[in-house]
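Dear colleague,

Please find below the structure that I am handing over to you, together with its sequence. My account of what was found in it follows directly after.

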Amino acid sequence: MMYYHSTRSKNDRFTSKQAILKGICSDGGLFVSDDILNAHVDINGLADSTYEEIAYRVFRVLIPDYTDEELKSCIGNAYVGKFETQELTPVTEIGDKYLLELYHGPTSAFKDMALCMLPQFMSKALSGTDKKIMILTATSGDTGKAALAGFANAENIGITVFYPHGKVSDIQRLQMATQEGNNVFVAAVNGNFDDCQTGVKKIFREFSDESMKEYGVELSSANSINVGRLVPQVVYYYESYRQLLKKGVIKEGDKISFCVPTGNFGDVLAGYYAKLLGLPIDRLLVASNENNVLFDFIRTGIYDKNREFVKTISPSMDILVSSNLERFLYYASGCDCDYVKELMEELSTTGKFTVNEKVLKNLQETFDCGFITNEDSKDAIKEAYNKDGRLIDPHTAVAYRCAEKIDGTVVILSTASPFKFAADVYNAIFDDLSDADGFTYMEKLSEKTGEEAPEPLKSLREKEIIHKSVVDIDDMKAFAEESIKKAF
Ligand SMILES: *Cc1c(COP(=O)(O)O)cnc(C)c1O
């Protein structure tokens, strides 16, 4: 059996179902398992497996309290009919490297890979109990839609999303405002993203256990620190290995490297888990934009978020506190909860911490790092198109450029459709269209490149606007209460 506990204490242990329902530990730590250090996911016969079979192999090991039937049902339901391509995550060539295309799901970004699966895990964990769950999420744009799409019509689960009014792109707003489902609630908040996030945290505190009992509902979150988001991401590292085997690029046992555009450190941490589980990984490169906290950290061992926040064209990587890093610190310190707790307390009081020699050595042995400027990202988009004939989005572009640092068989994780960021991509390759809207850029980009925009993005234009609420920060709690009443 694999049990989970907090990165900051080993006093309480949890099954994976409990960890997935809770999301985050009561002491503020993240759920980790020591058993993963002795666990193994075999690559024997991988070449002839399917994505579903690989998912089963991985889940069997990482979340073993789910029954075989439950796992098979989760895997069977999560992605069916939601992906545009035959392979869920095609591996394609880009120059002398490979792109792992993780953006063919319902919201055209890689978060779908996890957020289509998480509701399945949660529903199974709830079944047989009389519990109901309301997911509360603050979003700066992308996570909100992927979570809404993932949880729409899930049984005994509702979802409420708050986003900053006027501060998401047209397309992102439409993606959320048109979301169908009898259990989904969306509000624009008069404030910025931090206000939304602080507001959500406040609701979690203010809804005491008592008042929750009254409603018969528990609150949970769908953000990237949930074990149920991490686990599905491990699968596509194995899947890309399978496709390279199948193509004859590598032989079983050969090592490959990954270059990962990084924000909250969830995606690349899943790569680290794959390596722990025995996938032959050579280098794991953490690619950052100008918010290069992680680059500095990996080079020096000093994590310092006291710096200017830079708004870039890869907004999902504009992050100064990479939450999932805490999990790596736990393993790198030799599973030392007290040490992790100390570092995290330092981070919260001073915005900064320095790791010891042992952790630094482990960190540098495990990860390579790179970062590029906003201007370089545009350049990389242009180069990928002109030199390699590939259209890539601004997040992928960061990894594309950083991947030049590593040799061998290199897989670049491609995290969003270029059409989701059509304006910036178009401007990088062609000329500025001044103030055209998102749809015009999408059309123009299609016209010029001959590539089709994903259907879910194109069809947004015709969809009915369902969610029109705009609330003040102080009214977020009332909105959440109202959602709970309507959902259950
Ligand atoms: C979320 C996101 C990332 C960063 O992933 P993390 O797991 O937060 O490191 C990169 N690219 C895109 C398009 C994203 O949406």
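A salt bridge is counted here when a side-chain nitrogen of Lys or Arg lies within 4 Å of a carboxyl oxygen of Asp or Glu. Please note that the model is a predicted one. By that criterion, a search of the whole structure gives 25 salt bridges.

Several of these pairs may interest you individually. R401 is joined to E404 by a salt bridge whose closest N and O atoms are 2.8 Å apart. Within this pair, R401 is buried, at 14% relative accessibility, whereas E404 is partly exposed, at 48%. Both residues also belong to a network of salt bridges that links D379, E383, K387, R401 and E404.

A second pair is formed by E452 and K458, whose side chains meet in a salt bridge with an N to O distance of 2.6 Å. E452 is exposed, its relative accessible area being 61%, while K458 counts as partly exposed at 32%.

In a third pair, the side chains of D254 and K251 meet at 3.9 Å, N to O. Since the limit for a salt bridge is 4 Å, this pair is included in the definition. D254 is partly exposed, with a relative accessible area of 27%, and K251 is exposed, with 60%.

I turn next to the beginning of the chain. An open sheet of three strands is found there, in the order β2-β1-β3 and with antiparallel pairing. Strands β2 (9–14) and β3 (31–32) are at the edges and have a single partner strand each, so one side of each has no neighbour in the sheet. Strand β1, which covers residues 4–6, pairs with β3 in the antiparallel sense over two bridges. H5 has V32 of β3 as its bridge partner.

Finally, which residues surround I412, apart from its neighbours within four places in sequence? I412 belongs to strand β15, residues 410–414, and counts as buried at 1% relative accessibility. With those sequence neighbours left aside, I412 is in contact with I94, K97, Y98, L99, L100, C259, T396, A399, Y400 and A403. In addition, I412 and P261 are 151 residues apart in sequence, yet their C-alpha atoms are 8.4 Å apart in space.

With kind regards

Definitions and conventions. Residues numbered from 1 in each chain as written. Predicted model: local features only at pLDDT ≥ 70, side-chain atom pairs only at ≥ 80, totals over all residues. Heavy atoms only, no water. Pairing = 2+ DSSP bridges. Helix = DSSP H or I, 4+ residues; strand = E, 2+ residues; numbered from the N terminus. Buried < 20%, exposed > 50% of the residue type's maximum accessible area, 1.4 Å probe, protein only. Contact = heavy atoms within 4.5 Å.
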